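Let's take a friendly walk through this model together. Have the sequence and the structure at hand as you read.

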Amino acid sequence: MRAATSIYLFKDDIRFFGEGPCRLLRGIQECGSLRAAASKMNLSYSKAIAMGNRAEEALGFSLTEKQIGGKGGGGSILTPEAIAFLEKYEAYREACYEANRKLYLEFFSE
């Protein structure tokens, strides 16, 4: 037996952020483009754009900046606000996971 915790953020009862958008933003950091990050997640490009747009609307700031193509093509980078938000979200998520682990042991340890 085990417990699982899922962390989602909502605004006006609409879910706008969780593991999917988090992984997408980390993928953009790693790959340097939204398209590559979406592909790595087996996510359609249009779905990735929709995820980003929903989060940006709820947060009130841009998550990415487009870079104009050159020899290697264009790409995207995370805005400073997106990086700060991601760090807060991931710290909050880890704190929730740790609290869940402690509570699980408190209620279900043998």
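A residue is called buried when its relative accessible area is under 20%, exposed when that area is over 50%, and partly exposed in between. Because Arg101 has a relative accessible area of 43%, it counts as partly exposed. Please keep in mind that this is a predicted model.

**Helix α1**

A good place to begin is helix α1, which covers residues 19–31. With 13 residues at 1.5 Å a residue, the helix should span 18 Å, and its end C-alpha atoms are indeed 18 Å apart, so expectation and model agree. Which residues of α1 are buried? They are Pro21, Cys22, Leu24, Leu25, Gly27 and Ile28. These buried residues pack against β2 (14–17), α2 (34–40), α3 (45–59), β3 (64–67), β4 (75–78) and α4 (80–108). Following α1 comes Gly32, with a positive phi near 80°.

**Salt bridges**

Across the whole structure, a search finds five salt bridges. Three of the pairs are set out here with the distance between N and O atoms.

| Pair | N to O distance |
|---|---|
| Glu90 and Arg26 | 2.5 Å |
| Glu30 and Lys40 | 2.2 Å |
| Arg101 and Glu98 | 2.9 Å |

Take the bridge between Glu90 and Arg26, whose closest N and O atoms are 2.5 Å apart. Glu90 belongs to helix α4 and Arg26 to helix α1, so this pair ties together parts that are 64 residues apart in sequence. Glu90 has a relative accessible area of 17% and is therefore buried, while Arg26, at 27%, counts as partly exposed.

Glu30 also reaches out from α1, meeting Lys40 with closest N and O atoms 2.2 Å apart. Since Lys40 lies in helix α2, the pair ties together parts that are 10 residues apart in sequence. Is Glu30 buried or exposed? At 57% relative accessibility, Glu30 counts as exposed.

The pair of Arg101 and Glu98 sits within helix α4, where the two residues are three apart, about one turn of the helix. Glu98, with a relative accessible area of 32%, is partly exposed. In addition, Glu19, Arg93 and Glu94 are linked in a network of salt bridges.

**Pockets**

The largest pocket has a volume of about 330 Å³. Its lining is made of 19 residues, and those nearest the centre are Leu34, Ile49, Thr64, Lys66 and Ser76. Two or more lining residues come from each of α1, α2, α3, β3 and β4. Which element gives the most to this lining? That is α3, with six residues. By class, the lining of the largest pocket holds eight nonpolar, eight polar and three charged residues.

The second largest pocket contains about 240 Å³ of space. Of the 15 residues that line the second largest pocket, Tyr8, Arg15, Gly18, Gly20 and Pro21 lie nearest its centre. Here β2, α1 and α3 each supply at least two lining residues. The lining of the second largest pocket divides into seven nonpolar, four polar and four charged residues.

**A last stop in α3**

Helix α3 is also the place of Asn53. Asn53 counts as partly exposed, because its relative accessibility is 43%. Asn53 and Leu63 are 10 residues apart in sequence, and their C-alpha atoms are 8.8 Å apart in space.

Methods: Residues are numbered from 1 along each chain as its sequence is written. This is a predicted model: local features need pLDDT of at least 70, side-chain atom pairs count only at pLDDT 80 or more; totals for chains, interfaces and linings use all residues. Side-chain values use heavy atoms; hydrogens and water are left out. Helices (H or I, at least four residues) and strands (E, at least two) are DSSP runs, numbered from the N terminus. The expected span of a helix is 1.5 Å times one less than its number of residues. Buried means under 20% relative accessible area, exposed over 50%, partly exposed in between (1.4 Å probe, protein chains only). Contact means heavy atoms within 4.5 Å. A salt bridge is a side-chain nitrogen of Lys or Arg within 4 Å of a carboxyl oxygen of Asp or Glu. On a 1 Å grid over the protein atoms alone, a cavity is a set of points where a 1.4 Å probe fits but cannot get out, and a pocket is an open set with protein on both sides within 12 Å along at least five of seven lines; lining residues have an atom within 4 Å of a point. Grid points are joined across faces, edges and corners, and a volume is the space filled by probe spheres set on the points. Ala, Val, Leu, Ile, Met, Phe, Trp, Tyr, Cys and Pro count as nonpolar, Asp, Glu, Lys and Arg as charged, and the others, Gly among them, as polar.
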